[in-house]
Amino acid sequence: MQDNKIATPILNFKTIAPYLHIGENRSSRFFSYAGLAIGVLLLLASIQMYININHLLKEKNPRKNGYDFISVTKTITNQNMGKDNRFSGDDIKELRSQPFIKDAAPLISNQFRAKASAGEMIPFSTDLFLESVKNDFIDTVPPNFSWEPGQMELPVIFSADFLEMYNIFAPAQGLPQLSESSVGSVNIILECYGPSGVQKYKGHIVALSDRINSVLVPENFLQWANKQFGNSDNSPASRIYLKTIDANDPALLNFLQQKDYHVNKDKTKFGRIKQVLQAVVSGLGGFAILVILLAMMLFSFYLQLMIARSKDNLQLLLTLGYSPSWLSKTVAKKWIPAYTIIILVALLLTAILQYAFQQYVLSGSDELSPFLHFGVVCLAAFLLLVCVVVNYTLIRKLLYKL
Amino acid sequence: MHIQLENVTPEFLEKEKIEISDTWNNHIIIEQGERIQIIAPSGSGKTSFIHFLYAIRRDYSGNIFINKKNLRSFTAEDISKLRSAKASVIFQDLKLFPDHSVFENINIKRLLDPFHIEARITEMALRLGIKNKLHKLAKTCSYGEQQRVAIIRALQQPFDVLLMDEPFSNLDEANRVKAMDLINEEVEKRNATVILADLKKIELFTADRIINL
C-alpha cells in the first residue's frame, strides 16, 4: 500500500537543475543578455522618438478640425514667366483625387480694380486685391462674415501678417498702430471700379486670419462683383488651398514637388526635417531589430550548447518518465525573469530618456508628454512575449529531438 | 495492466532465432498480477523485449497493446505517463546518473510520482546494505551496489508492471535474497505484474509462467 503521509512534492526547475549544465558558457549568456538589453532599448527609444517627431511636427501648422491647410501656386520660373500659370479645372480635379488631399479650393481674386481707404482717422489709401475662398478653408469665420446682394456693408477677414506689417511701417508714415482688438472698429471704404463707375462699400474687419495671407471677402460677393465690375465670370485661380490630414506628409510633398507647385515654405519645411528624422530613426529601429535578432541567436547557441552538454542526463530523465513537455516548459521558464528584467530595464531607460527629452530639450513644453506612449509599452510587452515563445519553441524542439 | 503482444518480431533478429522462439512472432497475453519469467540466451533479444515494452525502442514489426491501446499510438506525453505511473524498470545497464549521489539517483525518480515518503529510501538502502553509500557518487559504487541502487529506484513509483532485465546479475546470494524479498513486498503492495528476463531460471523468483524467448 502507498505510504500515507506523502506530501506531494513540487516539481520545479530546482528539481532538475543539478542535471543541466546551465552554469557553463556564462560569457555567451551574458553577452546575449547585454545585446538584448541594448537592442530593446534602441528599438523602444527609436519608436518613441518616431512618435515624438510625428507629434511635434504635426503641431507646427494651424489646424482646424484635425486638418492642415496650405496654399499652393505654380512655381514661376524664367521659362514659364509670361505664360498662364493659373490652375485649370483639371489641375484642381487632379489635386482633389490624391489620397492625401481631402479637398482643394481655388482662391478667387478680384477681376476689377479695388481701392481701400480708412477715412479721416487713418489717412491712408491703397489699391488692393480681394480674394475669397470657401468658408470651410478659413480658420476664423465669424457668423457675420456674409453678404447679401444689395448690402453695402462688407465684412472682411484680414491677414494677421498684414496687420503686423502695417504696424511696422505705420509710425514712420505718421499713422496710428492698431491692436488686434481695435482693428475691427476701423471703417474701411472700399471702392470698386467698374465700367459703369465706382461703387463704394463700407468694409469692416470682422476677423484676422493666421492661415491665409490675403484680404478675404465673402465668396458670393466676389463672384457677383467680378461679373458686375470686372464683367467676367470667375477666371482660373492662381492660388489653391489644400485641405490635408498632414501638411508634412512626404507623399504630399513629393507630389507637389513633382508637379512643380510652390508651397508656403513655412508650412512644409518641417516636412523635410521630418522626413530626414524619420529616416534616421527608422534606420536606428532597423539596427535595433538586427541587434535583438543577433542577441537571440547568441542565446539560442547557448541553449543548444547547454542541452547538448546535458544530453545524457536529459535523455535519462525522459527515460525515467519526466515529460518532454514539462521539461521544455520548466527549462524555458527559468529565463523568463531574466528576459523580464532586461526588457523592464530597457523600458525604464526609455522612459527616463523621454522625460529628459521633454524636460531638457523641449524645456518642459506642453507640446509633448514626458511619459512613454502606450504603444511603446505594448511593444515592450510584445518583445517579452516573443522572447519567451521563441525560447520555449527552441527548447521544446531540442528536447523532442533527444 | 493487460499486455498483449501480436506477432512482435525484432527487425534486427536472425530468422532462425525467431522461428525457434516462443515469444517472437507469437500471440502472448500477460494479465494483471502475473509473474512471468523470460528465459533467454545471449543475443536472443531479451533486453530488446524489455525496451519494447518500456517504449524505448520501436524497431520491431507486429504490435504491443497496453490495456488494449497500441503502444505505437502513444504520444511522448503518454509514454511519460506510462513510465512515471504504470511501468517501472530495472535496466540491465542500470542507467544511473554517474555524477550524482546514490540518494539523488533514487530521489529523482521518487519526486516524479512518489509512492513512498523520502525516509523509505534510507530504509530500503539499509535493507539492501547500501545505506552508507547514499551520499556517495553513483560512479564510485561497485557494480553490485549500483545494481541495488537501480532496484531501489525502480520501487519508488506506483506501477502496474515491473520489468527486470537481469536484476541480480552482480549480486551475491545473500543480497539476491534481500533484493527479491524487497521486490516481492513492493509488488504485492501494488498487485503488479512482474516480468523478469534472465539468461537462466532464477530460483528465488516464483513464476506463474516461464516463457522461452
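**Entry 1: the parallel sheet of chain B**

I began with the open sheet of 5 strands in chain B, which follows the order β6-β7-β8-β3-β9 with parallel pairing. I am counting strands as DSSP runs of E with at least two residues and helices as runs of H or I with at least four, both numbered from the N terminus. Two strands are taken to pair if DSSP finds at least two bridges between them. This is a predicted model, in which local features need pLDDT of at least 70, side-chain atom pairs count only at pLDDT 80 or more, and totals for chains, interfaces and linings use all residues. For my own bookkeeping, residues are numbered from 1 along each chain as its sequence is written, while chains are lettered from A and ligands numbered from 1 in the order in which they are written.

Which strands sit at the edges of this sheet? They are β6 (87-90) and β9 (209-212) of chain B, each pairing on one side only. From one strand to the next, the twist averages 15°. Angles here run from 0 to 180 degrees between N-to-C directions, and axes are lines fitted to C-alpha atoms, for helices over the stretch in contact.

I then looked at one pair inside the sheet. Strand β7 (residues 161-165) of chain B runs parallel to strand β8 (residues 193-198) of chain B, and 5 bridges join them. Across that pair, L163(B) faces I195(B) in β8(B). Helix α2 (residues 46-53) of chain B lies across β3 (35-39), β6, β7 and β8 of chain B, at about 155° to β7(B).

**Entry 2: the nonpolar core**

L163(B) turned up again here. Together with V149(B), I151(B) and I152(B), L163(B) touches the most other members of the largest nonpolar core, which has 58 residues. By nonpolar core I mean a set of buried Ala, Val, Leu, Ile, Met, Phe, Trp, Tyr and Cys residues joined through C-beta atoms within 7 Å. Helix α6 (residues 143-154) of chain B gives the most to this core, 5 residues.

What does I152(B) touch beyond its neighbours within four places in sequence? I found I106(B), I121(B), M124(B), A125(B) and L128(B) in contact with I152(B). Contact means that the C-beta atoms, placed from the backbone, lie within 7 Å. There is also a second, separate core of 46 residues, and A45(A), I53(A), L303(A) and L320(A) are among them.

**Entry 3: the antiparallel sheet of chain B**

Next I traced an open sheet of 4 strands in chain B, ordered β2-β1-β4-β5 with antiparallel pairing. Because β2 (27-30) and β5 (69-70) of chain B each have a single partner strand, one side of each is left without a neighbour in the sheet. Strand β1 (residues 3-10) of chain B is joined to β2(B) by 4 bridges, running antiparallel. L5(B) has I28(B) in β2(B) as its bridge partner.

I stopped at N63(B), which is placed in strand β4 (residues 60-66) of chain B. Is N63(B) buried or exposed? It counts as partly exposed, because it has 14 C-beta neighbours inside 10 Å. The cut-offs are 20 or more other C-beta atoms within 10 Å for buried, 12 or fewer for exposed, and partly exposed in between, with C-beta atoms placed from the backbone. Setting aside residues up to four places away in sequence, N63(B) touches E6(B), N70(B) and R72(B). The C-alpha atoms of N63(B) and V8(B) are separated by 5.8 Å, although the two residues are 55 apart along the chain.

**Entry 4: chain A**

I counted 11 helices and 12 strands in chain A. Of its 402 residues, 31% are classed as buried.

Strand β9 (residues 197-209) of chain A kept me busy. With strand β7 (residues 153-159) of chain A, β9(A) pairs in the parallel sense over 7 bridges, and S159(A) stands opposite S209(A) there. Strand β8 (residues 187-194) of chain A runs antiparallel to β9(A), with 8 bridges between them. A hairpin through 2 residues joins β8(A) to β9(A). Here E191(A) has K200(A) as its bridge partner.

**Entry 5: where the chains meet**

I closed with the contact, which takes 20 residues from each of chain A and chain B. On the side of chain B that touches chain A, α3 (76-86) and α4 (102-112) of chain B each supply at least two residues. The largest share, 5 residues, comes from α3(B).

Definitions and conventions:
Two residues are in contact if their C-beta atoms, placed from the backbone, lie within 7 Å.
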